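Here are a few exercises to work through with the model open. Try each task before reading its solution.

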Amino acid sequence: MKNIFFFISLIVLCIGIYLKFIYDVPDNQESINFFVSWFLIIVSISSMLINLFWKTPEQKGQD
Amino acid sequence: MLICNLSYRFNNIMNKKVIVVFALTVIAIIVLTLYSFGPLSNVRKRAKMNPESLKSVSSEKTAVSNKSIVLNAYHNRDLRENYYTIKFPQVAQIHAGNKPGGYSLNYNGIKGTVELMDVPDNTTLELYILSQDEPKLKKIIGYKREDYKKLIINGNESYQLTYASKINGEDYKTIRTYVVGQDMAIVITVSSPQSDFTDMQNIASLVFNSFRWENK
C-alpha cells in the first residue's frame with residue numbers, strides 16, 4: 001500500500017515538473033500554471049515525506 | 001469519550017515528523033495561493049522585470065519629415081529567449097509595460113505599447129492574428145480595419161494591421177505591428193487621434209523599424 005502511494009506521488013511530481021518547466025503556457029494563464037504546477041510539486045513531495053515518516057500502530061509498538 | 005478515542009487513535013498513527021510536514025505543506029500552499037492570486041502576485045510579476053530594460057544604452061539622431069529626432073535604444077532583458085533591442089524618441093515618456101518584456105510610451109499625445117505575445121506552437125503568427133487577435137480588437141468601439149500587410153523588419157517576418165476606432169467619441173487610428181520571434185512574437189501598437197495620424201505614422205515606423213531580436 002505504501003509503495004502504491006509513493007508511486008502515485010511520484011507521478012504527481014512528474015506532472016508538476018512537466019507543467020512548470022516543459023509545458024508551453026498560453027497567454028494570460030501564467031498565474032494558473034504557476035499555482036497548479038507548484039501545488040502539485042509541493043503536495044507530491046510532502047506526501048512522499050509523510051509516506052516515509054508514517055508508522056502503522058504495529059511499527060509504533062515495536063519502537 | 002469519542003474525542004478521547006479519536007485523540008488516542010491520532011496519537012497512535014501520527015508522529016511528530018508527519019505533523020510537521022503536514023503543517024509546512026499547509027503553510028506553503030497558503031503562501032503559494034497569495035503569491036499566485038493574492039496581494040503578493042505583483043511581487044512575482046515585478047521580479048521578472050529587469051531594471052536594465054528601462055535604461056537607454058545609446059542615442060542616435062535621425063530626421064523625419066525635416067524634423068530632427070533623437071532616438072534612444074533600449075535592450076530588453078526581461079525574458080530569456082526573448083531579448084530584443086528597440087528605439088524610442090528621446091523625448092517620449094517610457095515606462096515598463098504591464099507584463100515583463102513590455103514598454104508603454106507617450107509622445108505628444110501619441111500612445112503606444114510594446115508587448116511580447118505568446119503564439120501557440122500549433123499555429124502561425126498570421127493565422128493567430130486573423131483568428132484570435134483581430135476578433136478581440138473587433139470588440140473596440142468603432143473598430144474598422146483600414147489596412148493589413150506583410151512586411152520584413154530587419155530580416156523578420158512581420159504583419160501590420162491599421163485600424164480606426166472611437167475613444168470617448170473621438171476618432172483614433174492605430175497601427176499594430178507583429179514581428180515573428182523564435183519563442184514569442186512582439187506586438188508594437190501605436191495610436192493617436194486621427195488628426196495626428198501622419199506624425200504617428202512617422203513615429204510608429206521609426207519604432208518598429210528599429211526593432212531587433214537579440215537572440216537571432
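**Exercise 1: placing one arginine**

B:R212 sits in strand β11 (residues 212-213) of chain B. Bear in mind that this is a predicted model.

Task: find which residues B:R212 touches, leaving out those up to four places away in sequence.

Solution. Start at B:R212 and skip its sequence neighbours up to four places away; the residues it touches are then B:Y84, B:T85 and B:N154. Next, turn to B:N156: this residue is 56 residues from B:R212 in sequence, yet the two C-alpha atoms are 8.4 Å apart in space.

**Exercise 2: a salt bridge between strands**

Task: work out which parts of chain B are tied together by the pair B:E60 and B:K87.

Solution. First, check the side chains: B:E60 and B:K87 meet in a salt bridge, with 3.0 Å from N to O. Then place each partner: B:E60 is in strand β1 (residues 56-64) and B:K87 in strand β3 (residues 84-89), so the pair links parts of chain B that are 27 residues apart in sequence. For the wider tally, the whole structure has 8 salt bridges over all chains.

**Exercise 3: sizing up the interface**

Task: describe what chain A and chain B share in terms of residues in contact, buried area and polar links.

Solution. Count residues to begin with: 21 from chain A are in contact with 24 from chain B. The area buried between the two chains is about 2100 Å², and carbon and sulfur atoms give 65% of that. Now look for charge pairs: the rule finds 0 salt bridges across this interface. As for polar contacts, the count is 2 residue pairs, with both residues at pLDDT 80 or more.

Which helices of chain A each supply at least two residues to the side that touches chain B? They are α2 (30-53) and α3 (57-62). Of the elements on that side, α2(A) gives the most, with 12 residues. Sorted by class, the side of chain A that touches chain B holds 14 nonpolar, 3 polar and 4 charged residues.

**Exercise 4: two helices, one crossing**

Task: decide whether α2(A) is roughly parallel or antiparallel to α2(B).

Solution. Take the axes: those of α2(A) and of helix α2 (residues 16-36) of chain B come within 10 Å and cross at roughly 175°. An angle over 145 degrees counts as roughly antiparallel, so α2(A) is roughly antiparallel to α2(B).

Finally, see who meets whom: α2(A) brings residues including A:F34, A:W38 and A:I42, while α2(B) brings, among them, B:V21, B:F22 and B:I29. The residues of this helix contact divide into 16 nonpolar, 5 polar and 1 charged.

Conventions: Residues are numbered from 1 along each chain as its sequence is written. Chains are lettered from A and ligands numbered from 1 in the order in which they are written. This is a predicted model: local features need pLDDT of at least 70, side-chain atom pairs count only at pLDDT 80 or more; totals for chains, interfaces and linings use all residues. Side-chain values use heavy atoms; hydrogens and water are left out. Contact means heavy atoms within 4.5 Å. Buried area is the accessible area (1.4 Å probe) that two parts lose on being put together, summed over both. A salt bridge is a side-chain nitrogen of Lys or Arg within 4 Å of a carboxyl oxygen of Asp or Glu. A polar contact is a pair of N or O atoms within 3.5 Å; within protein, one must be able to donate a hydrogen and the other to accept it, and residues adjacent in sequence count only if both atoms are side-chain atoms. Helices (H or I, at least four residues) and strands (E, at least two) are DSSP runs, numbered from the N terminus. Ala, Val, Leu, Ile, Met, Phe, Trp, Tyr, Cys and Pro count as nonpolar, Asp, Glu, Lys and Arg as charged, and the others, Gly among them, as polar. Axes are lines fitted to C-alpha atoms, for helices over the stretch in contact, and angles run from 0 to 180 degrees between N-to-C directions. Angles under 35 degrees count as roughly parallel, over 145 as roughly antiparallel, 65 to 115 as roughly perpendicular and the rest as oblique.
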